[in-house]
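Here is a short briefing on charged side chains, their partners and their surroundings. Have the structure open as you read, and follow along residue by residue.

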Amino acid sequence: LKVAITDQNLADVIFNTLYDKALTGSLPAAIVAMQRGQYELLKPMVEKYVYLLFDPDQSEGTYLSVECHDSDPHLKRATFLAKVEQFPRVQELVKTTWDNWYCQLWDVGDAGPAFRTPVTSKIPTLFLTGYYDPVTPSVWAKATATYFSHGYLFEFPDVGHGAIDSNKCASLLAKSFLQNPHRKPYNKCLEELGKLHFTTE
């Protein structure tokens with residue numbers, strides 16, 4: 001397939017790449033090369049993005065049915081745009097999403113305000129989050145964990161989305177937690193965690 005790269009789908013490619021630890025570190029180099037008219041480093045990122053667009057296991061209808069049902073229908077356009085203005089680097093790309101948001105047409109009802117009330121619990125709960133997660137960011141995990149009196153939070157500095165699938169240490173912590181949920185999980189691997197290495201050339 002021949003793929004035309006626009007500013008919008010390039011943003012989508014970058015967003016999608018943050019799901020893949022193996023590719024994330026190459027993002028700066030791919031962007032620098034692209035500015036020079038060289039696309040080889042960008043190619044595997046675009047290929048993965050296109051593959052997901054055609055993935056038969058992905059259902060846009062299911063996604064919208066959940067997303068639109070759970071989102072706050074009372075959010076106003078002015079409030080959305082005011083938030084976007086706080087991030088000038090992506091403002092031009094993001095501000096148009098309101099007018100193109102499918103939830104305005106996808107009539108699946110509303111979960112209601114009670115659904116969006118923070119959950120509080122004494123049940124032992126493990127939170128694993130990636131520093132570079134673009135869709136369920138660490139700030140959400142940290143905020144949620146404050147409502148759990150026996151919540152254990154671990155942030156992985158070299159991971160995007162899906163920490164347990166992207167970092168062996170996360171899997172080991174999950175195993176430790178399941179073996180004894182009433183004790184904060186620990187593994188020596190926590191002492192060896194390092195930041196993601198980015199390449200620019």
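Let's begin with one aspartate: a polar atom of the Asp-133 side chain lies 2.9 Å from the backbone nitrogen of Val-135. Please keep in mind that this is a predicted model. From Asp-133 we move on to the salt bridges, of which a search of the whole structure finds 7.

**Asp-133 and its surroundings**

- You will find Asp-133 in the loop between strand 1 and helix 8.
- Is Asp-133 paired in a salt bridge or without one? Asp-133 has no salt bridge, although this residue is buried.
- The nearest side chain of opposite charge belongs to Lys-142, and it is 12 Å away from Asp-133.
- A salt bridge requires the nitrogen and the carboxyl oxygen to be within 4 Å.
- Polar partners are present, however: besides the backbone nitrogen of Val-135, the side chain of Thr-136 makes a polar contact with the Asp-133 side chain at 2.7 Å.
- Leaving aside residues up to four places away in sequence, Asp-133 touches Val-159, Gly-160 and His-161.

**Lys-142 and its own partner**

- Lys-142 forms a salt bridge with Glu-155, with 3.5 Å between the closest N and O atoms.
- Because Lys-142 sits in helix 8 (residues 138–145) and Glu-155 in strand 2 (residues 151–156), this pair ties together parts that are 13 residues apart in sequence.
- With a relative accessibility of 40%, Lys-142 counts as partly exposed.
- Glu-155 also counts as partly exposed, at 30% relative accessibility.

**Glu-201 and Arg-36**

- The Glu-201 and Arg-36 side chains meet in a salt bridge, 3.4 Å from N to O.
- What does this pair tie together? Glu-201 belongs to the segment after helix 10 (168–179) and Arg-36 to the loop between helix 3 (27–35) and helix 4 (43–53), so the bridge joins parts that are 165 residues apart in sequence.
- Are these two residues buried or exposed? Both Glu-201 and Arg-36 are exposed.

**Asp-99 and Arg-77**

- Another salt bridge links the side chains of Asp-99 and Arg-77, at 3.2 Å from N to O.
- Asp-99 lies in the loop between helix 7 (91–94) and strand 1 (125–130), while Arg-77 is in helix 6 (residues 77–84), so the pair ties together parts that are 22 residues apart in sequence.
- Arg-77 counts as partly exposed because its relative accessibility is 38%.

Notes: Residues numbered from 1 in each chain as written. Predicted model: local features only at pLDDT ≥ 70, side-chain atom pairs only at ≥ 80, totals over all residues. Heavy atoms only, no water. Helix = DSSP H or I, 4+ residues; strand = E, 2+ residues; numbered from the N terminus. Buried < 20%, exposed > 50% of the residue type's maximum accessible area, 1.4 Å probe, protein only. Lys, Arg positive; Asp, Glu negative; His and termini not counted. Polar contact = N/O pair within 3.5 Å; in protein donor to acceptor, adjacent residues only side chain to side chain. Contact = heavy atoms within 4.5 Å.
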